[in-house]
Every structure is written in structure tokens, then in C-alpha cells.
Amino acid sequence: MGLFTFKGGVHPPYQKELSSGRAIKTAPLPKQLIVPLSQHIGAPCNPTVSVGETVKEGQVIGKSDAFVSAPIHSPVSGKIKKIEPVLHPLGKKVMSVIIDAQEDEEKAYLEPLGDDPEKLDGKAILERVRDAGIVGLGGATFPTHVKFSPPKDKKIDTLILNGCECEPYLTADHRLMLERTTDIILGARMIARILNVDRIIIAIEDNKPDAIEKVRGEASKYGIEVAVTHTKYPQGAEKMLIKAVIDREVPSGGLPMDVGTVVSNVGTAVAVCEAVRDGKPLIERVVTVTGNGVKEPSNFLARIGTPMAHLVEQAGGTTGKLGKIIMGGPMMGLAQPSLDVPVIKGTSGILLLQMENYMKVDYRACIKCSFCVRVCPVHLLPSTLSIIGEAQKWELAEKYGVNDCIECGSCAYVCPSKRPIVQLIKTTKAKLREIKAMEKK
Amino acid sequence: MQNRAKMIIILTLFALVSGLVLSVVYLFSNPFIQKNMLAEQKKAIFAVVPNANSYEEKEKNGLKYFECKDSSGNVVGYALPAKGNGYQGEIKLMIGLSPDLKTITGLEVLEQVETPGLGGRISEESFLNQFKGIKDEPQVEYVKNKKPEKPNQIKAITGATISSRSVVAIINKFIKQFKGE
Amino acid sequence: MEKAEIIVSTSPHIKSRETVPRIMLSVIITLLPAVAFSVYLFGIYVLFMYLVSIATCLVSEYIVVKLRKRPFTLNDFSAVVTGILLVMVLPPKFPMYGVVIGAFIAIVVGKQIFGGIGYNIFNPALIGRAFLAAAYPVHITSWIAPRIGSISAVTGATPLAAMKFSGVETSLKALFLGTVGGSVGETSALLLLIGSIYLFIKRYIKWQIPVSIFVTVFVLGEIFHLINPVKYPGPIFHLLSGGLMIGALYMATDMVTSPLTGKGCVIFGAGIGFLVVIIRLFGGLPEGVMYSILFMNAFVPLINRVTRPRIFGTEAAHAK
Amino acid sequence: MADDRRRSAYELLKGFWTENPILVMVLGMCPTLAVTTSAINGLTMGLAVVFVLTASSVIISLVRNIIPKEVRIPTFIVIIATFVTMVDLFLKAFFLDLSKALGPFIPLIVVNCIILGRAEAFASKNNVWLSFLDALGVSLGFTVTLIFLGGVREILGMRTFFGMKVLGKGFEPMIIMLLPPGAFLTLGFMLGAKNLIDRKLKEKRGGKVGH
């Protein structure tokens with residue numbers, strides 16, 4: 001069987017060997033946790049607790065009535081110390097609940113629903129997904145229950161479980177697939193139950209042969225397919241993955257459900273499994289702490305709200321002159337000003353890179369080498385878009401499909417002129433949104 | 001209505017004045033212009049036919065030509081105006097022919113718009129002098145980058161083969177027609 | 001840990017090792033075999049031509065950049081590439097002041113007037129050469145015999161001129177090895193091909209361009225050769241003679257002045273190939289590679305527009 | 001009075017630099033590019049324009065009040081054409097060689113934008129004296145620029161200036177300068193140089209650069 005792939009993409013140095021051999025360790029509880037009340041795409045939550053109150057692990061501390069939102073649960077038992085705006089990994093200050101952790105065995109989990117998907121009601125599972133505050137753990141943090149509630153007219157026939165983990169450095173999903181294989185499969189079957197689909201495909205890049213073998217062994221018991229995909233960035237981007245695995249093209253501006261499929265991260269499947277089987281809300285996740293700025297790259301099972309500095313300490317601390325702190329992978333992750341920010345639901349990794357990686361490079365004029373055109377997975381002309389962006393011709397950029405850009409960063413990665421293509425595209429998109437908003441008024 | 005009438009009157013007036021002024025200028029300058037043109041023609045004819053003293057305009061085989069005589073009234077040659085396409089535009093020539101029509105006695109370029117400094121050098125003496133005394137039978141030929149060996153050959157201008165070739169082609173065509181071949 | 005030292009910038013946070021200077025340097029290095037051979041073939045004067053041309057390019061670029069108060073671009077080696085390529089398409093023994101003027105024009109008119117590297121429409125080296133061709137038409141067609149030679153060495157004419165004006169066909173082996181008369185660096189098809197292999201592997205040149213030029217020239221050449229084998233040379237002769245190799249491999253493939261997409265490059269190359277054959281067989285000049293490339297350069301923006309790739313998830317490129 | 005004099009001086013001098021018809025308004029490109037293969041061609045063309053422009057401007061300014069607005073353009077053209085024909089005949093009668101060198105570009109002065117432009121923009125709105133100065137200044141500016149353009153092309157293309165040898169054997173004439181591309185290149189460099197000088201002047205005066 002040939003490898004599944006798509007047209008375009010890049011091969012950055014993966015650096016996965018730094019942490020792929022490290023089993024997931026449960027990180028010790030930090031003294032204080034910072035839980036932002038907005039950890040997903042959609043409406044932020046309102047606090048349901050007040051300062052001084054004592055909370056139990058798993059108790060709801062924030063929620064919102066909006067549909068596109070997910071409740072937030074206390075990751076530990078403890079006392080609410082403060083509720084105030086704190087710097088959030090996404091770059092601005094967000095209202096957060098600060099909890100002093102206390103030793104307390106008692107948990108406020110939800111009622112377990114059982115572990116046989118055949119006997120469970122899809123609706124009940126969906127409700128549980130919502131109540132457990134599950135969001136897409138691949139990094140996009142879109143509320144999962146929304147994703148699993150397609151409108152009636154969209155017929156879903158395939159569920160794709162994304163285990164590609166195409167971002168360099170990150171190994172969280174890899175470790176999950178090795179260590180939590182049964183949970184992933186169970187979670188997948190539960191999700192399939194919600195969506196009422198028969199076909200489940202688990203997609204894994206061919207640079208993780210051990211995971212492929214392990215998952216294939218477990219998946220074959222339930223007739224679940226394993227698709228081995230070509231190791232190439234951004235193989236894990238939804239649209240690219242759907243194209244590669246089932247050869248369907250999500251229309252421009254559309255969603256996977258428009259082509260009858262739903263893509264979910266393997267981590268999300270584990271969360272679904274735990275929420276249904278154990279009643280455990282989403283309060284912890286696997287985080288890869290890696291990069292040449294870390295002494296011992298590791299994979300941790302960390303509570304949401306754990307300050308990044310705490311995890312880095314657990315990984316032996318920093319080494320060398322630190323240049324960059326990144327939440328997520330090096331291609332699409334977000335640079336952080338310090339390690340004081342907390343782990344949130346979308347934190348797949350903490351990447352520390354040494355200063356020496358950042359020798360000053362000049363930003364030059366585009367020489368039209370077309371490297372970016374070759375790698376763009378959505379077949380745009382990134383060089384042209386960047387020039388249009390520099391010229392501030394926002395409307396022209398729209399004609400050139402700027403809104404179809406998935407901001408994967410492949411273009412900026414290959415650019416020999418080191419142009420900030422993604423940044424220019426992001427600015428253009430923001431300006432276009434502004435213009436649209438103005439026109440509406 | 002009145003406005004329109006005024007417009008017509010004014011325009012007519014200006015046209016009339018203009019016509020009047022130009023007529024005067026024309027009457028004044030025309031003799032000079034005619035003289036200029038004749039002088040030029042004469043100069044060209046006498047340049048290509050040596051020993052000519054007078055000429056007479058005649059026509060043969062559909063071509064206008066000038067029969068040249070010396071002071072004692074003997075025909076000393078013919079001057080044949082010729083024209084054709086060059087590299088960039090029309091080239092007008094005056095070809096001088098011996099009475100037996102077998103030898104070219106001279107060549108002048110009347111008008112040309114070839115590349116200045118390149119094809120334009122067909123107007124230069126060094127190029128034109130080559131034609132003095134060459135044979136036009138079987139026809140005029142040109143050679144490149146070497147000395148002409150035969151009596152009917154000339155050397156093309158370096159880097160301007162097309163212009164040189166055009167001149168030779170025009171000459172051959174008109175002489176042929178003039179001879180009635 | 002000092003906070004101020006941490007860099008906060010947008011993704012992606014890692015970048016490939018490719019840089020403009022690296023690409024340009026690769027081009028220079030792959031040209032070296034042909035450069036060395038040209039010095040051997042035509043004498044030490046050619047080496048001075050290279051040096052003067054490169055120096056003039058660098059100085060001109062420096063002056064314009066200073067005058068326009070633009071960021072310093074000398075260190076990207078692109079001016080050096082232009083300098084070398086310009087000499088490679090000039091006849092050996094071209095007067096030195098001509099080299100200086102050509103290099104100056106190449107950089108100032110060919111490149112900096114448009115805004116410097118990346119913004120120029122035409123290949124700078126070819127602009128320089130086109131200027132010299134118009135300024136000094138005699139010098140640009142004055143050839144000398146190579147040191148190791150073939151039959152055409154007697155007159156010093158290039159194989160193409162010999163073919164066109166005297167009907168003499170040079171042996172293909174001589175053409176392939178480059179022991180023939182011609183412009184400084186265009187004679188050896190073999191060395192140019194060897195040099196460009198690295199660029200192909202690194203994908204620094206869009207392979208579609210040379211391939212489509214070669215295919216078009218071959219097919220058209222063959223067609224005409226079949227029609228009249230006496231008058232028109234065979235297709236291999238076309239491929240190996242004149243500036244076709246250097247044009248197809250190093251001039252047409254100039255990143256800045258070639259189309260962005262593969263499809264565009266095919267159209268671009270086919271256009272060049274077509275024009276080359278037409279000019280060679282029916283034009284007033286023996287060689288037309290330079291003008292063909294410059295002509296097609298002008299169409300690159302148009303080609304880019306019509307060959308825009310179909311955006312993922314849309315019906316057609318112009319659906320919106 | 002001083003104001004009047006200053007105004008007059010301005011109208012006369014503006015055509016040389018600040019409102020130079022070629023370098024600023026980029027008008028009359030057809031003769032500019034086509035005939036300036038030598039300085040003498042530039043001078044002749046320029047003088048022809050001086051005559052036509054000054055004469056027609058004066059006449060138009062004189063009659064500007066009696067011409068109905070609707071027919072002003074045809075009237076201007078008739079006036080201009082008259083003077084152009086006069087120049088053409090004059091050159092044919094006395095300077096046949098120059099007339100040949102300039103070819104159709106003398107008759108084409110009729111449609112030269114500079115002439116009609118000055119007539120429409122200035123002479124039809126100002127008194128005779130100012131119109132005269134304006135026309136003289138603009139056309140002389142045109143002439144000077146043409147001589148410069150023609151001179152540069154002649155020197156580089158033929159090594160001569162007004163027919164006199166100025167460059168020695170060591171300098172190979174550049175044929176391209178005599179061809180249309182040479183005209184475009186020279187004009188381009190002149191435009192660039194003018195803008196550069198203007199910018200430097202502005203900087204010196206402490207003004208802001210840019211548009």
C-alpha cells in the first residue's frame with residue numbers, strides 16, 4: 001500500500017528523537033495553578049466560583065451559555081486565591097482563576113457512563129463531551145461537542161483520527177498512541193457512536209512505526225483502518241489529511257463535515273474515553289517539553305493551569321542561552337514572552353530553543369524563487385501574497401485567496417529571503433476582517 | 001441661434017485669414033523650394049554620371065530616367081532613379097549607368113531611414129564609391145568580411161548586411177527592368 | 001533567566017537553511033567549470049573580462065544602493081552572478097570599456113531601476129548584453145578562433161553563423177565539448193550541463209524551463225530539418241550550438257524573471273524555444289536565444305496571472 | 001510694479017525647470033524622442049516650436065475674447081497649423097537638409113501637446129504680455145532640453161557635438177544612442193537626475209521628501 005500524501009509541504013528537521021523515547025510521566029502538582037477562563041475558540045466562560053472558595057478536582061469553575069464554548073473545570077482540589085486577568089499563552093491578558101493546590105483525595109467527577117460504546121446512546125455521549133469541557137487537543141481548541149454536532153443535512157460517513165503529529169519536536173500524540181492505545185480506540189468508537197458512522201480511520205505518519213504497529217494491532221479488533229501517511233509537514237492539517245486519506249477536498253471556506261467527514265485528534269479521543277468511562281472532565285493533558293534549551297526533553301501528563309516554568313523544572317531546567325519559548329510546535333506554535341504562562345487545553349508542547357538558533361537574518365526582497373509556491377499545501381502563491389501584503393492592497397489579496405491560507409508556515413520556512421510571509425498574511429486577513437466589519441456597519 | 005452663427009462666422013474668418021497668410025508665404029517660398037529640389041536632382045544626376053553637362057527626362061519600360069549628354073551633345077550615360085525597401089524603411093537611390101548599360105558609373109542615396117551609424121552608412125562615400133565602375137552583369141553581388149574579387153562585387157558594410165543587401169537588390173531590380181529583361 | 005532576551009515573533013519559529021546568498025553562491029560555483037574552460041579556450045584576456053565585469057557590477061550596485069538609501073544588498077552575490085553571466089555571453093576579445101558599460105547597464109538599467117533584486121522584470125545580464133549588441137553591433141559579432149579548434153576556427157565564425165551564412169555544419173562532438181568559436185562561456189554544452197546538475201538537484205532552477213526549451217527546440221528543429229535537411233540543421237545541432245545551453249540553464253531560469261508555477265515555466269520555456277528556432281532559421285540574426293528570453297521575460301507577469309494554481313478546495317483558480 | 005516684474009520673470013523662467021515641458025510635464029514626447037539624434041536637430045526642432053508657440057500664443061491671447069468657447073479648440077488648431085505650415089515651408093525653402101532630417105515631425109508640431117496645452121491652459125486666459133513670456137519660456141525650456149538630449153546622444157553615438165568632434169578615437173561610438181532605445185534611456189536618466197536634484201534641493205531647504 002502506498003503512503004497517503006498531498007501535494008506540497010515541507011520536510012523540516014523533525015527532532016522528535018529528543019523526546020519520543022520518553023514515556024509519559026505524571027508531573028507533580030505545582031503549588032499554584034493558573035486556569036484561564038478562555039481556553040477554546042468561542043465565547044469565554046464566566047467564573048462560577050468566588051475568591052476564597054474551596055474547590056474540588058473536577059468541579060466546574062467557569063462556564064458560558066453560548067453554544068460554541070466549553071466549560072472549565074478545576075484541575076485540582078484547592079482554594080481560589082484570586083480571579084484576575086493574567087497573561088495568557090495566546091498573547092493577551094485573560095480573566096483567570098488562580099488556585100492554591102491542596103492535598104485532597106476527593107474528586108468531583110461526573111457520573112461514569114460505561115465502557116461499551118454499543119450500549120451507549122450517542123446523544124448521551126455528546127452531552128458528556130460537552131459537560132467534560134473537551135476541546136480539540138491538537139492545538140486548535142475548537143469545542144469538540146460543536147464539531148460533533150453537524151447540521152442534519154450534512155451526512156457524515158467517515159471519522160478520521162489524527163495521529164500524524166506533523167509538527168516537528170512534538171511527541172505527545174506519539175506517546176499517547178503507544179501508551180494509551182486501548183483508550184484511543186475506545187474513544188474513537190465512542191465518537192463514531194455520536195456521529196453514527198461506520199468507517200473509522202486512524203492516520204499516523206510513517207516516522208512512527210512503533211505507534212503504527214501498536215495501534216494497528218488494537219484497531220484491527222474493531223475493523224478500524226490505520227492509514228500510514230507520508231511524513232511531511234503539514235500532514236496533520238485537517239484539509240490536507242482528508243485529501244491524503246480519503247481523497248476529498250474540503251471546499252474553500254468549508255469544513256470537513258462538508259465532505260462527510262470529521263477529523264479528531266487522538267488526544268481528544270482519549271479525553272472522550274475518560275470522560276465517558278470514568279466521568280473525568282478535561283483537567284489534564286500530555287505536554288511535550290523539548291528543544292535544545294531543555295536539559296532532559298520529556299513528555300508529561302500535566303494539569304491544565306500548571307505554569308510552564310514548573311514543567312520545565314521537572315525536565316531538568318533550561319540549558320544554554322534561551323532564545324525562544326514556544327507553546328506548541330515550531331511551525332505554528334506561539335512564542336511566549338516568559339515561562340510564567342500556564343499550560344492550557346491547547347498546549348501540546350513547550351519548546352525551548354537556544355539563542356544560537358536565532359542568528360540575525362536579513363529580511364530581503366522576494367526573489368520569486370517559487371519555493372513557497374511549491375510547498376504551499378493549499379496551492380496559493382505565498383510570495384505574491386506577501387508582496388501584496390507589503391503593498392497593503394488588501395482587496396487584491398482576497399482575490400489571490402488569502403483567506404484560504406491555513407497559516408501552516410511552510411512558505412516562511414522555505415523562504416530563502418527569510419520573509420515574514422505568514423505574518424504578512426495574518427495582517428492582511430485581519431485588515432480584511434476589519435474592512436468587512438466596516439462595510440456591515 | 002445667434003450663438004451658432006457667431007461660431008460659424010468666427011471659424012470661417014480665421015480659416016480665411018489663415019489661408020490668405022499661407023498663400024502669401026507659399027508664393028514667396030515656392031520658388032526657393034522648387035529650386036532646391038531641382039538643384040538636388042541635378043546634383044545627384046551629375047554625381048552619378050561623370051562628364052554630364054545636361055540631362056533630359058525620359059521614360060522607358062515604365063521607368064523614369066534621365067539621359068545625360070556632355071557639352072558636345074553626346075550621350076555619356078543614364079541616371080536612373082530607383083527605390084525599394086531597406087532594413088527599416090524605403091531607400092531611394094540614383095544609379096548612374098554607362099551608355100552601353102554594362103557598367104555602373106556612380107551611385108547616390110537620395111533618401112533612407114536606416115539605422116544611423118550602421119545601415120545608415122550606405123550614404124557614406126566609402127560605401128558608395130565602391131559602385132563606381134563595377135559591372136552589372138550578370139548582376140551586382142556583395143561579399144562579407146573580405147575583399148571583393150570579381151568586377152561585379154562590392155563589400156557589404158560590417159554589421160549592416162541587410163542594408164547593404166537591400167541596396168544591391170534595388171540596383172539589380174531596376175537595372176534589369178531598365179534593360180527590359 | 002533574563003526576560004528581555006526572549007524573542008517573541010510569529011510562527012514559524014524554524015527556518016530552512018536556504019538563503020539568497022547561498023543560492024547565488026551555488027550558481028557561481030556551478031558556473032566555475034565553464035568559466036575556467038572559457039579562460040583556457042580564449043586566453044587570459046577573458047579572465048580580466050570576468051574580473052572587470054564583476055567589479056563594475058559590484059561598484060554600480062553599491063553606488064545605486066547608496067544613492068537610493070536602500071538596504072545593503074551587495075552581500076547576496078547576485079551582482080557577481082550578473083557579472084559572470086554577462087561576460088559569458090559576450091564575444092572573447094570584447095573591448096574592456098564595453099564590458100564596463102555593459103556591466104553598468106546590466107546592474108543600473110537591468111536591475112536597480114526596477115528596485116533592485118527581486119523587482120526586475122528582465123534578466124540583468126541579458127539587458128547588459130542587449131545594450132552592448134545595439135551599441136556595438138560590430139564588436140558583438142567579431143569572433144576569434146578558440147585555442148583548440150574545429151573547422152570553423154579558420155574563419156572565427158560561430159557554428160551558427162557558419163551554418164546560416166555559409167551552410168557549414170560544425171561537428172556535434174566539437175559543439176558538445178565546446179571547442180568552437182562563440183561567446184566566452186556558451187561554447188561548452190557539456191560543462192554547462194554538468195554545472196547545472198547540482199542546481200537541478202537542489203531545485204534552485206525550475207527544471208520545467210530548460211526541459212521545455214529543449215523539447216520545443218528539438219521538436220521544431222526536427223520538423224524543419226525533415227522539411228529541408230539541406231537548408232535547416234538537425235535538432236541536436238540546435239540544442240548544442242550558440243547560447244542555447246547557457247540561456248536555457250542559467251539565463252531563462254533566473255528566479256526573479258521566470259514564472260512562479262510549473263505550468264507557467266512550461267509555457268515560458270516553450271515560448272523561448274519557439275522564438276529561438278524561428279529567429280535562428282528565419283530571422284536576420286544567426287542567434288536569438290538572448291532576445292527570446294528577454295521577450296518572454298516581459299510575459300512573465302501575464303503568465304503568472306493565467307497559470308495561478310487552483311486553490312485547494314476551489315473549483316477553478318478564478319472562481320472567486 | 002515689483003510684483004508685476006516678478007510675475008513676468010516667473011512666467012519666463014518656469015519653463016526651464018519647475019514647469020519644464022519635457023522633464024516635468026513629459027509632453028511632446030513624439031518629437032522629443034524621434035528627432036534628438038543630434039544637437040542640431042534638437043535645436044532646429046526647438047526653434048520651430050519657439051516660433052510656433054510664441055506666435056500662436058500671442059495671437060490666441062489677442063483674440064481670446066472674441067472666440068466662442070465652443071469652437072476655441074478648432075480655432076486654436078487653425079492658428080497653430082498656420083504657423084506650423086509657415087515653418088515647414090520656410091525650412092524647405094532655406095534649410096532643406098534639416099527639413100529632411102526632421103521629416104514629418106515639423107508638420108506634427110500641430111498636434112504637439114505643448115502648443116495646444118499652453119494655448120488652452122495659459123494663452124486663452126492671460127494677457128498678451130504674459131502669454132508671450134509663458135510661451136517663450138516654455139518653448140525655450142523645451143529647446144534647451146532637446147539640445148541637451150540631442151547633444152548627449154550625438155556625443156555618445158557619433159562622438160560629435162553640433163558636428164564637431166569632441167571625443168577621440170579611444171571612445172567607440174555607441175550606436176544604440178542614435179536608436180529609439182537610446183532616446184528613451186537618455187530621457188529616463190534625465191528625468192531621474194532631475195528628480196534627484198529636486199529632492200536634494202528640497203532636503204537642503206529642510207522640506208519633507210516624498211509625495
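# Cavities, chain contacts and backbone oddities

Seven cavities of 30 Å³ or more turn up in this structure, which is a predicted model. The largest cavity comes in at about 300 Å³, and about 150 Å³ of space sits in the second largest. Beyond the cavities, there's a look at which chains touch, plus a few backbone spots to check by eye: two cis peptide bonds, at Pro234(A) and Pro12(C), and a positive phi at Gln15(A).

**The largest cavity**

- With a volume of about 300 Å³, the largest cavity is lined by 23 residues, and the ones closest to its centre are Met24(C), Val81(C), Leu85(C), Asp254(C) and Met255(C).
- Four helices of chain C each give two or more residues to this lining: H1 (20-42), H3 (78-88), H5 (124-135) and H11 (244-251).
- H3(C) has the largest share of the lining, at four residues.
- Sorted by class, the lining of the largest cavity holds 16 nonpolar residues, five polar and two charged.

**The second largest cavity**

- For the second largest cavity, at about 150 Å³, the lining counts 15 residues, and Gly267(A), Val270(A), Glu284(A), Arg285(A) and Val286(A) are the ones nearest the centre.
- The elements of chain A that supply two or more residues here are helix H3 (172-179), helix H7 (266-277) and strand E13 (284-290).
- H7(A) is the top contributor to this lining, giving four residues.
- Split by class, the lining of the second largest cavity has six charged residues alongside seven nonpolar and two polar.

**Who touches whom**

- Four pairs of chains are in contact, and the pair sharing the most contacts is chains A and C.
- Chains A and B make no contact at all, and their closest C-alpha atoms are 37 Å apart.
- Chains A and D don't touch either; for them the nearest C-alpha atoms lie 16 Å apart.

**The contact between chains C and B**

- Four residues from chain C and four residues from chain B make up this contact.
- The area buried between chain C and chain B is about 310 Å², and carbon and sulfur atoms give 79% of it.
- The rule finds zero salt bridges across this interface, and the count of residue pairs in polar contact (both at pLDDT 80 or more) is zero as well.
- On the side of chain C that touches chain B, three residues are nonpolar, one is polar and none is charged.

**Backbone spots to look at**

- Most peptide bonds are trans, and most residues other than glycine have a negative phi.
- In chain A, the bond joining Tyr233(A) and Pro234(A) is cis, with omega at about -10 degrees.
- Pro234(A) belongs to the loop between strand E11 (225-229) and helix H6 (238-246) of chain A.
- Chain C has a cis bond from Ser11(C) to Pro12(C), where omega is near -5 degrees.
- You'll find Pro12(C) in the segment before H1 of chain C; H1 (20-42) is also one of the helices that line the largest cavity.
- Gln15(A), a residue other than glycine, has a positive phi, near 55 degrees.
- Gln15(A) sits in the segment before strand E1 (24-26) of chain A.

Definitions and conventions:
Residues are numbered from 1 along each chain as its sequence is written. Chains are lettered from A and ligands numbered from 1 in the order in which they are written. This is a predicted model: local features need pLDDT of at least 70, side-chain atom pairs count only at pLDDT 80 or more; totals for chains, interfaces and linings use all residues. Side-chain values use heavy atoms; hydrogens and water are left out. On a 1 Å grid over the protein atoms alone, a cavity is a set of points where a 1.4 Å probe fits but cannot get out, and a pocket is an open set with protein on both sides within 12 Å along at least five of seven lines; lining residues have an atom within 4 Å of a point. Grid points are joined across faces, edges and corners, and a volume is the space filled by probe spheres set on the points. Ala, Val, Leu, Ile, Met, Phe, Trp, Tyr, Cys and Pro count as nonpolar, Asp, Glu, Lys and Arg as charged, and the others, Gly among them, as polar. Contact means heavy atoms within 4.5 Å. Buried area is the accessible area (1.4 Å probe) that two parts lose on being put together, summed over both. A salt bridge is a side-chain nitrogen of Lys or Arg within 4 Å of a carboxyl oxygen of Asp or Glu. A polar contact is a pair of N or O atoms within 3.5 Å; within protein, one must be able to donate a hydrogen and the other to accept it, and residues adjacent in sequence count only if both atoms are side-chain atoms.
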